[in-house]
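I opened this notebook to record what I looked up in one structure. The entries take the pockets before the sheet.

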Amino acid sequence: MLSYQQLLVAIPLVLKAGNVPTIVGEAGIGKSALVADVADQMQAKLFTTTVSLSEKGDLAIPIPPLTDKAYVQTTRYGELADVKFGYTHTLIEIIHAAEAESNRPIIWFLDEFNRGTQAVQSELMNLVLQRQINTLKLPAQVHLILAENPDATMAGFEQSDYGVVTGDAAINDRTVRLVMRADTADWLAWARQDNGHGQPRIQPTVTRFIEENPNQLRPSDHDDDLYPTPRAWARVSANLTQLSILPADQQSALRLDVLAGDLGVTVSRAFEQYLRRDEQGLTAAEIYADAEETPELSATVLDRFDRFNPGQQQSILADLVDQNPTYPLNTPQVAGRFLTLLQHLAPDGQYAIALKIAETPEILEGLAAHAEQKPDAVADLYQALAQIGVASDAQN
């Protein structure tokens with residue numbers, strides 16, 4: 001599998017070799033954005049046809065003769081009509097572009113190729129294999145790129161359940177399959193690029209969330225009916241931009257449901273919690289900044305933390321627990337700062353956080369294993385959690 005950045009190199013290479021690349025990847029992974037970036041990189045004019053929305057005859061349709069000269073009289077076969085073909089507007093635009101700039105590359109992107117009907121795929125066969133539709137040959141500067149969703153017949157995608165039509169063996173034999181994988185670092189780099197209007201492609205709040213929670217780009221824990229994808233996060237970014245225009249009370253009333261429409265309830269709740277903390281201005285990145293160089297929590301961060309109400313403080317600590325994969329609590333620098341904040345919580349809040357950690361065995365076991373080896377901040381945190389539990393039991 002290739003990352004976004006690797007494909008930016010691989011696809012032009014395949015095209016320059018005179019071959020047709022087929023990009024295979026999950027829905028929403030960023031195939032269309034990738035092809036757009038390839039076109040920009042090659043300074044090519046891009047045309048897109050969504051094959052899944054096409055019907056047989058969309059590319060070319062026979063046109064009856066329009067003049068008497070088109071009828072041919074024969075001795076043995078009677079009168080024959082010399083039928084011409086009318087071509088889709090996209091193809092006409094491609095021909096015009098090729099004539100207007102004969103040295104400029106043109107990319108014709110056939111998206112969702114294997115979600116088109118068998119009839120449509122068959123109609124495209126000559127286009128892909130012979131670079132020809134009926135009698136019309138594609139200009140030499142036109143490059144074809146296909147995109148497909150995974151098919152259960154493809155190696156590595158045996159469990160895929162997309163509603164695809166298995167492609168013709170001839171297509172598979174004449175194209176170069178390039179499998180795309182979701183790479184968080186690549187997506188973040190893409191998301192931060194200028195959108196052409198002096199702004200990043202994706203809202204900074206979204207990119208910070210994915211940076212701090214890289215597993216959420218394509219999370220394993222999600223609703224059954226909605227699976228967040230890179231494309232879904234791009235929609236979330238656009239929706240947040242529009243929400244920000246509304247009055248604060250309307251934003252508050254609508255935001256979670258709007259987020260759930262793209263991310264599902266499970267992921268939208270986690271992101272909503274993050275947005276609330278971000279609006280409060282204290283994030284995990286700020287709490288743990290320069291922790292390796294300076295183990296102690298800065299007075300500035302601690303002062304900001306103390307200004308929050310107990311519920312907000314507990315929410316911040318709960319999020320730090322959720323971010324254990326990024327900021328492991330069984331490392332002394334992280335444990336020390338976490339313990340400092342934990343000690344500033346009210347007793348009920350301390351117990352709630354201790355209980356959350358206890359319900360995550362891998363975290364608790366990691367603390368215990370480390371505490372047995374070294375008497376450091378991790379051991380102090382482990383001992384503090386034990387004391388919180390004992391104190392709560394005594395009260396009950």
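**Entry 1. Largest pocket.** I began with the residues around the largest pocket: 27 line it, and Asn213, Asn215, Gln216, Ala270 and Asp322 lie nearest its centre. I worked on a 1 Å grid over the protein atoms alone, where a pocket is an open set of points that a 1.4 Å probe fits, with protein on both sides within 12 Å along at least five of seven lines, and a lining residue has an atom within 4 Å of a point. The model is a predicted one, in which local features need pLDDT of at least 70 and side-chain atom pairs count only at pLDDT 80 or more, while totals for chains, interfaces and linings use all residues. Residues are numbered from 1 along each chain as its sequence is written, and side-chain values use heavy atoms, with hydrogens and water left out.

I noted a volume of about 570 Å³ for the largest pocket, a volume being the space filled by probe spheres set on the points, which are joined across faces, edges and corners. Four helices, α7 (204-212), α9 (248-280), α12 (310-322) and α15 (361-373), each supply at least two residues of this lining. Helices (H or I, at least four residues) and strands (E, at least two) are DSSP runs, numbered from the N terminus. α9 gives the most to the lining, with six residues.

I then sorted the lining of the largest pocket by residue class and found eight nonpolar, ten polar and nine charged residues. Here Ala, Val, Leu, Ile, Met, Phe, Trp, Tyr, Cys and Pro count as nonpolar, Asp, Glu, Lys and Arg as charged, and the others, Gly among them, as polar.

**Entry 2. Second largest pocket.** I recorded about 430 Å³ of space in the second largest pocket. Its lining has 24 residues, and Gly28, Ile29, Gly30, Lys31 and Ala33 are the closest to its centre. Two or more lining residues come from each of α2 (31-42), α6 (184-191) and α8 (230-243). This lining holds eleven nonpolar, four polar and nine charged residues.

**Entry 3. The sheet.** In what order do the strands of the open sheet run? I read five strands in the order β2-β7-β10-β1-β11, with parallel pairing; two strands pair if DSSP finds at least two bridges between them. β2 (45-50) and β11 (175-179) are the edge strands, each with a single partner, so one side of each is left without a neighbour in the sheet. From one strand to the next, the twist averages 25 degrees.

I followed the bridges next. β1 (residues 20-24) pairs with β11 over five bridges, where Val20 has Thr175 as its partner. β1 also pairs with β10 over three bridges, and Ile23 is matched with Ala147. β7 and β10 share five bridges, with Phe109 opposite Ile145.

**Entry 4. β10 and its surroundings.** Why is β10 described as enclosed? Seven of its seven residues are buried (under 20% relative accessible area, 1.4 Å probe, protein chains only), so β10 is largely enclosed by the rest of the structure. Val142, Leu144, Leu146 and Glu148 point one way from the strand, and His143, Ile145 and Ala147 the other. α2 lies across β1, β2, β7 (106-111) and β10.

**Entry 5. Gln141.** I placed Gln141 in the loop between β9 (136-137) and β10 (142-148). Gln141 counts as buried because its relative accessibility is 14%.

Definitions and conventions
Buried means under 20% relative accessible area, exposed over 50%, partly exposed in between (1.4 Å probe, protein chains only). Axes are lines fitted to C-alpha atoms, for helices over the stretch in contact, and angles run from 0 to 180 degrees between N-to-C directions. Contact means heavy atoms within 4.5 Å.
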